[in-house]
Amino acid sequence: MKRLIYIFIILILVSLLPSCIEDATQNDTYSDPYLYTQIDNVLYRISTISASVTPVCPDPLCPHADEGCPFFGVENIRLQGQYLYYLREWNATGSFQKLCRFDLKEGRYELIYQPTEGGLQELFLTDSYAFFLLEDVDESWNTQYTLMRYDITRGQVKRLSDQVFDERVFVVAADGDRIYWSSMTDESYSTDVNYQNRIDNDRGYSPNLTAGEYSYRYESTGQTAGYEGYQIMTGKVTRIDRKSVEELVVFEQLGCYPIFYRDKIIYCKLDELRYMGELYDDYTQSYSPYYDRYGGKFYICDSDGKNERLLCDISDTSYAYMITSGILGGKMGVGDWIGLRVAMYTDIGQGTNQIIRDDNAYLLINIVTGEVKEAKIETYS
């Protein structure tokens, strides 16, 4: 028995603008050939050159199994020049205890801020500052948030406002001295870097949803599509011209979260179902046919939806796309290559077509040629 799958994608993709801090420790010319993902709660990097997947942690003796590893349980990955910033160490309320930095060039880890009370949420970086929330939860589990700013150059933390918020607010974009904020109720406004000179209804767009003069908005349609048993909530994709504010609907209904890279959009369609094998169903306690809703095909088009073409076809593999790319930090590609996570299914043999859901795999796709490479997770004996 197949069940209707409802997947609501509420995705706030926040990343940072290119770094240009006037600080001797920064290296704007550093070229990082890696993409980043999380495997078993540990941060890994994917090389677009060697197609290898390795832990970011440089310690060869670290088991990467608990918080003794500086890259275990990390969130809010942000890239800036040769540095990677992130939050780590969960507390009982689900927030984080530490703001950390890792020098990608030198392989050096650094704890740069840890509050004496409360936890950290919603990290965002500009060229000069790290913005985040300080979360406070009282004995009755009432939560309040305070806006904080860390000066990257001076290493100083400052409370930005005397106001205490009952809901999370977060930075979605930065443009010069203007910081663009949003809330969980979709309130949008901008301020200066000191949280002054507020302009209401002034919307910013995440750099991860921005390419050239255009930005994109992805919003749930509230409708499902696809074959029975494999239906999924669809999204509407709109392109915004940031100069004219003109909007163009690129996709009325799309059954996956697209990858915006350079001036292209990469995506899957809800295609004819692709038979993967007989998968065990815990609900019915029996094997039944299992299908890939996307047919193993990836498409690419221009920013306006025109010039669509088939980018690649992985239907002869045991991989199936997982709706979102699984790549972290707002860096979706390097050069002509993008990365994405796929589900892997393994045939258990014995001529039964029975399969098991195996570990995830990672693919690199060339957006020009359509070449596909599997990125191998390195193991050591």
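**β14, β15 and their sheet**

I started with Tyr189 and found that its bridge partner in β15 is Asp200. The strands β14 (residues 188-191) and β15 pair in the antiparallel sense over 2 bridges. For the record, I count two strands as paired if DSSP finds at least two bridges between them. Strands here are DSSP runs of E with at least two residues, and helices are runs of H or I with at least four, numbered from the N terminus.

This is a predicted model, so I noted the rules: local features need pLDDT of at least 70, side-chain atom pairs count only at pLDDT 80 or more, and totals for chains, interfaces and linings use all residues. Numbering runs from 1 along each chain as its sequence is written, and side-chain values use heavy atoms, with hydrogens and water left out.

Next I looked up the sheet around this pair. I got an open sheet of 4 strands in the order β12-β13-β14-β15, with antiparallel pairing. Its edges are β12 (169-175) and β15 (199-200); each has a single partner strand, so one side of each lacks a neighbour in the sheet.

**Loops on either side of β14**

I checked Asp186 in the loop between β13 (178-183) and β14. Asp186 comes out partly exposed, at a relative accessible area of 48%. My cut-offs are under 20% for buried, over 50% for exposed, and partly exposed in between, with a 1.4 Å probe and protein chains only. I also took a distance: the C-alpha atoms of Asp186 and Gly351 are 53 Å apart, with their positions 165 residues apart along the chain.

Then I went to the loop between β14 and β15, where Asn197 lies. Phi of Asn197 is near 55 degrees, positive in a residue other than glycine. Asn197 is exposed, with 56% relative accessible area.

**Another positive phi, and Tyr287**

Gln285 also caught my eye: not a glycine, yet its phi is positive at about 55 degrees. I placed Gln285 in the loop between β22 (274-281) and β23, and it is exposed at 61% relative accessible area.

Tyr287 sits in strand β23 (residues 286-292) and counts as partly exposed at 36% relative accessibility. Together with Tyr280, Ile348 and Ile356, Tyr287 makes a nonpolar surface patch of about 340 Å². Patch rules: residues need over 30% relative accessible area and no salt bridge; like charges are joined within 9 Å, nonpolar side chains (Val, Leu, Ile, Met, Phe, Trp, Tyr) within 5 Å. A salt bridge is a side-chain nitrogen of Lys or Arg within 4 Å of a carboxyl oxygen of Asp or Glu. Areas are Shrake-Rupley with a 1.4 Å probe, and for residues only the protein chains shown count as cover.

**A β24-β25 hairpin**

I moved on to β24 (residues 297-302) and β25 (residues 309-313), which pair in the antiparallel sense over 4 bridges. Tyr299 stands opposite Leu310 in β25. The two strands form a hairpin with 6 residues between them, and Gly305 in the turn has a positive phi of about 90 degrees.

**Negative patch and Ala65**

Glu117, Asp136, Asp138 and Glu139 form a negative surface patch. Asp and Glu count as negative, Lys and Arg as positive; His and the chain ends are not counted. I found Glu117 in the loop between β7 (108-113) and β8 (119-125), exposed at 63% relative accessible area.

Last lookup: Ala65, in the loop between β3 (52-55) and β4 (75-80). Ala65 is exposed at 52%.

Notes:
The place of a charge is taken as NZ of Lys, CZ of Arg, CG of Asp or CD of Glu.
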